[in-house]
Amino acid sequence: MTTPLAEVLDGQHAAELRKAARALLKQPLLLSHGKHAQEFRLVRRHASELREWFDRNTGWPLHVDAETARLRKIPGVLHDSTHPACDATRAAAPFTRRRYVLLCLALAALERGEAQIALGRLADQVVLDATDPGLVASGIQFTLDRRDERLDLAAVVRLLLGLGVLRRVAGDEDAYVNGAGDVLYDVERRALAGLLATRRGPSTVQAEATADRLAQLVAETALDSDDLRFRAMRQTLTRRLLDDPVLYYDELSDAELSYLTRQRGFLTARVAELTGLVPEIRAEGIAMVDPEDDLTDVRMPEQGTHGHITLLLAEYLAGAGRPVTTDQLARRVRELAAVHGTFWAKAAREPGTEAELVEQAVARLAALGLVSRTADGAEPRPALARYAVGEPLVLEAGKVRLPAQRKARQA
């Protein structure tokens, strides 16, 4: 039996729309050229439908022109610090306060600059701007004379390269860090102009406390009717379903929980229809599971030594079922090294590395919503139960294979 042409075309349209939406969720800033050019063309083709969906369901504005597509995402939880910026081109530490300040100073210098800029010139501008009395009073100082400071600036530049704000013309950041060379970049001004995702200019915010400043940056108009309040709740909950690995009920206000209880089927169906994510609904919360396993910036299980240690500590925490201190986790790492150390990198087996290994593991588990940090360790969250005692982990040629029923899945 032949499928009607209209049905085939509708299926193709839905598939393209889903692919475009997923591309924006993975990379909210797309350029018309480069590695995301194909995704950009899809987004531009379906811009009208995507703009309407995101505006209605999340409140995220979508701007598309001939050169860029920018989904201005606002987190559902403003104070979540479990997904810091990272240098995407290499295994590097998450951004620190210093790097975030450097990022802002670099963006300000690029905004005032020309279509091309050398890294040395950018560094000079950053150092000059860092003499601002407000920065000095807060203890932030940059000379970029030290190698660690140049490493921080290089990490900022690599982040901007990954976002498409800069395009390397000649040179190498490592040479600059070592004081042996410079780097020349083209500045993508459309991408630069689209980076800021706030509802008001930061300079107009008067609050002093960080939490209050963040709230004012993204504050909506006065919610002076039931319709507006319900819309705001719908958008906040949808953002969290799209962005957070797990939406826990105990993190919601009474009003949000009441709304979600009534509208859970509608909200999860809308997200599933657009993105292909599958709702996994439990007594403690909701996870939008990704069958394709690519709508995430943090994966578990992950290959390599750190991924294996994280998985083993997850099993330990799930079995404990209570808060565990950092010292206890460090002792567990030492015990695990005696059993599994032959599969680990040499550096991970060195005495004294336990604290760093524990920190990396807990940071990953917290980012996935599997644990919450405590003053001196970590506390398992309900979603961690999937890692409780079950089939043993299997090691194959230095890789971890997780039994299928325990495989981590997150959006």
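Select Asp293 to begin: this residue is partly exposed, because its relative accessible area is 26% (buried means under 20% relative accessible area, exposed over 50%, and partly exposed in between, with a 1.4 Å probe and protein chains only). Asp293 sits in the loop between strand E9 (285-289) and helix H13 (304-320). Helices (H or I, at least four residues) and strands (E, at least two) are DSSP runs, numbered from the N terminus. The phi angle of Asp293 is positive, about 55 degrees, although the residue is not a glycine. Most residues other than glycine have a negative phi.

The model is predicted: local features need pLDDT of at least 70, side-chain atom pairs count only at pLDDT 80 or more, and totals for chains, interfaces and linings use all residues. Residues are numbered from 1 along each chain as its sequence is written, and side-chain values use heavy atoms, with hydrogens and water left out.

**A second positive phi**

Move next to Leu144, in the loop between H6 and H7. Leu144 also is not a glycine, and its phi is positive at about 60 degrees. Is Leu144 buried or exposed? Leu144 is buried, because its relative accessible area is 7%.

**Helix H5**

Now select residues 119-129, which form helix H5. The buried residues in H5 are Leu119, Gly120, Leu122, Ala123, Gln125, Val126 and Asp129. An α-helix has 3.6 residues a turn, so residues three or four places apart point the same way. Which elements cover the buried residues of H5? The cover includes helices H4 (97-112), H6 (133-137), H7 (147-163) and H8 (173-177), together with strands E4 (116-118) and E6 (183-187).

**Strand E1**

Select Leu29, which belongs to strand E1 (residues 29-31). Leu29 counts as buried because its relative accessibility is 5%. Display its contacts (heavy atoms within 4.5 Å): apart from neighbours within four places in sequence, Leu29 meets Ala69, Arg70, Leu163, Ala191 and Leu195. For a long-range distance, add Glu256: its C-alpha lies 30 Å from that of Leu29, with the two positions 227 residues apart in sequence terms.

**The loop at Asp244**

Go on to Asp244, in the loop between helix H11 (226-243) and strand E7 (247-248). Asp244 counts as buried because its relative accessibility is 15%. Not counting residues up to four places away in sequence, Asp244 touches Val77 and Arg239.

**The whole chain**

Finally, display the entire protein and colour the assigned domains: domain 1 (4-71), domain 2 (97-194), domain 3 (222-289) and domain 4 (305-387). These bounds come from an automatic or database domain assignment. The C-alpha centres of domain 2 and domain 4 are 35 Å apart.

The protein holds 15 helices and 14 strands, and its C-alpha atoms fill a box of roughly 60 × 55 × 50 Å along the principal axes. Its radius of gyration of 23 Å agrees with the value near 22 Å for a compact globule of 411 residues (taken over C-alpha atoms; the rule is 2.2 Å times the number of residues to the power 0.38). Buried residues make up 43% of the 411 residues. Among contacts with a separation of 6 or more, 59% join residues 24 or more positions apart.
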